[in-house]
Amino acid sequence: MTTNSASSAEPGNRRILLVEDEQTIADVVRDYLLKAGFQVDMAGDGFTALELAVSRQPDLVILDRMLPGLDGVEVCRRLRQSMSVPVIMVTALGTEDDRVLGLEMGADDYVTKPFSPRELVLRVKSVLRRSIKEFTPEPPVEAAGLELDPASRTVTHRGVPLALTVREFDLLAFLMRRPHQVFSREELIKAVWGWDFGDLSTVTVHVRRLREKIEANPTKPELLKTVWGVGYRFDGKRSETGNVRPDSSARADSNVRVDQGDGDHGRQ
């Protein structure tokens, strides 16, 4: 089902894929998104969501955790295999393990039911602000063989692209621009996610995922280091034998964009 509002649409407005099987919730969220100027496509199950993601190329996906047929975690995993669209996962399961699972599958953000539709719209805007290119980007930065380009939202290692989600890209960019500085999880969640408060395990999961993509040995990180009892820092040096592990989902013939919808979906 596709819902577009010409009256509320604005030039350059973004397309949101809303995946929610509870019709009442879906209708309320849709109305709030339309009032905020977004275009909205809707799906009530996982398989339809995947079909619409391919055909409509959304700028962001709001994805319910519990869906008929194919649950949200599996939908997120499959989306990550084919595109880098930002994903906000909505879950009625409030346990940390459930939230961590969604983040590990590549979700960029999550909201726990019951939630405020206003808050969800703010989360959507926050993720999109970091994934779209309608601003003057900071200059590229290079360190330890990594080349990060904010304009194209790509990260490469010696020409080999690394597939990062929106939040992974933002976290790496923030730390690479501040080498050797230690940041607590509270500071990172405010600076990178834009939250004044939130589940700090979100930062922990993204650091772990990022290490799996940029470190030669994620269990013995040389770049993204833990300062026990304080937080994390980026060390812009690497041993001569250290190499970034190639990402299996990266294409050798082109850079992987974080925001597929502008194409960080970034598209995690």
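The exercises below walk through helices, a sheet, salt bridges and a loop in this structure.

The model is a predicted one, in which local features need pLDDT of at least 70 and side-chain atom pairs count only at pLDDT 80 or more, while totals for chains, interfaces and linings use all residues. Residues are numbered from 1 along each chain as its sequence is written, and side-chain values use heavy atoms, with hydrogens and water left out.

**Exercise 1. Two helices with a buried face**

Task: Which residues of helix H2 are buried, and what does H2 pack against?

Solution:

Step 1. Start with the words. Helices (H or I, at least four residues) and strands (E, at least two) are DSSP runs, numbered from the N terminus. Buried means under 20% relative accessible area, exposed means over 50%, and partly exposed is in between (1.4 Å probe, protein chains only).

Step 2. Find residues 46-56, which make up H2. Its buried residues are Gly46, Ala49, Leu50, Leu52 and Ala53. Viewed down the axis of H2, they fall within an arc of 165°, so they line one face of the helix. The arc is taken from the directions that run from the helix axis to the C-beta atoms.

Step 3. Turn the helix around: Glu51, Val54 and Ser55 are exposed on the other side of H2.

Step 4. Look for the packing partners, using contact in the sense of heavy atoms within 4.5 Å. The buried residues of H2 pack against strand S2 (15-19), strand S3 (39-43) and H3.

Step 5. Check the two ends. At the start of H2, a side-chain oxygen of Asp45 comes to within 3.1 Å of the backbone nitrogen of Phe47. Just after H2, Gln57 has a positive phi of about 50°.

Step 6. Now try H3, residues 72-82, where Gly72, Val73, Val75, Cys76, Leu79 and Arg80 are buried. Down the axis of H3 these residues fall within an arc of 160°, so they line one face of the helix.

**Exercise 2. A sheet and the helix across it**

Task: What is the strand order in the open sheet of four strands?

Solution:

Step 1. Recall that two strands pair if DSSP finds at least two bridges between them.

Step 2. Read off the order: S7-S8-S9-S10, with antiparallel pairing. Strand S7 (141-143) and strand S10 (160-162) are the edge strands, each pairing on one side only.

Step 3. Consider the twist. Neighbouring strands of this sheet are turned by 25° against each other on average, direction ignored. Axes here are lines fitted to C-alpha atoms, for helices over the stretch in contact, and angles run from 0 to 180 degrees between N-to-C directions.

Step 4. Zoom in on one pair. Strand S9 (residues 154-157) and S10 are joined by three bridges in the antiparallel sense. Val155 has Leu162 in S10 as its bridge partner.

Step 5. Add the helix. H6 (residues 166-176) lies across S7, strand S8 (146-149) and S9, and runs at about 110° to S8.

**Exercise 3. Charged partners**

Task: How many salt bridges are there, and where does the partner of Arg80 lie?

Solution:

Step 1. Begin with the idea: side chains of opposite charge can pair when their charged atoms come close. A salt bridge is a side-chain nitrogen of Lys or Arg within 4 Å of a carboxyl oxygen of Asp or Glu. By this rule the count is 20.

Step 2. Take Arg80, whose side chain meets that of Asp108 in a salt bridge (3.0 Å, N to O). The pair links distant parts of the chain, with Arg80 in helix H3 and Asp108 in the loop between helix H4 (96-104) and strand S6 (109-112), 28 residues apart. Asp108 is buried at 0% relative accessible area, and Arg80 is buried at 16%.

Step 3. Compare a pair within one helix. Arg30 and Asp27 form a salt bridge, with their closest N and O atoms 3.5 Å apart. Both lie in helix H1 (residues 23-35), three residues apart, about one turn of the helix. Arg30 is buried at 18% relative accessibility, whereas Asp27 is partly exposed at 23%.

Step 4. Finish with a network: salt bridges link Glu20, Glu22, Asp64 and Lys113.

**Exercise 4. A residue in a loop**

Task: Where is Val230, and which residues does Val230 contact beyond its neighbours within four places in sequence?

Solution:

Step 1. Val230 sits in the loop between strand S11 (224-227) and strand S12 (231-234). Its relative accessibility is 46%, so Val230 counts as partly exposed.

Step 2. Setting aside neighbours within four places in sequence, Val230 is in contact with Val182, Phe183, Ser184 and Arg185. The C-alpha atoms of Val230 and Arg185 are 8.2 Å apart, although 45 residues separate the two along the chain.

Definitions and conventions:
A polar contact is a pair of N or O atoms within 3.5 Å; within protein, one must be able to donate a hydrogen and the other to accept it, and residues adjacent in sequence count only if both atoms are side-chain atoms.
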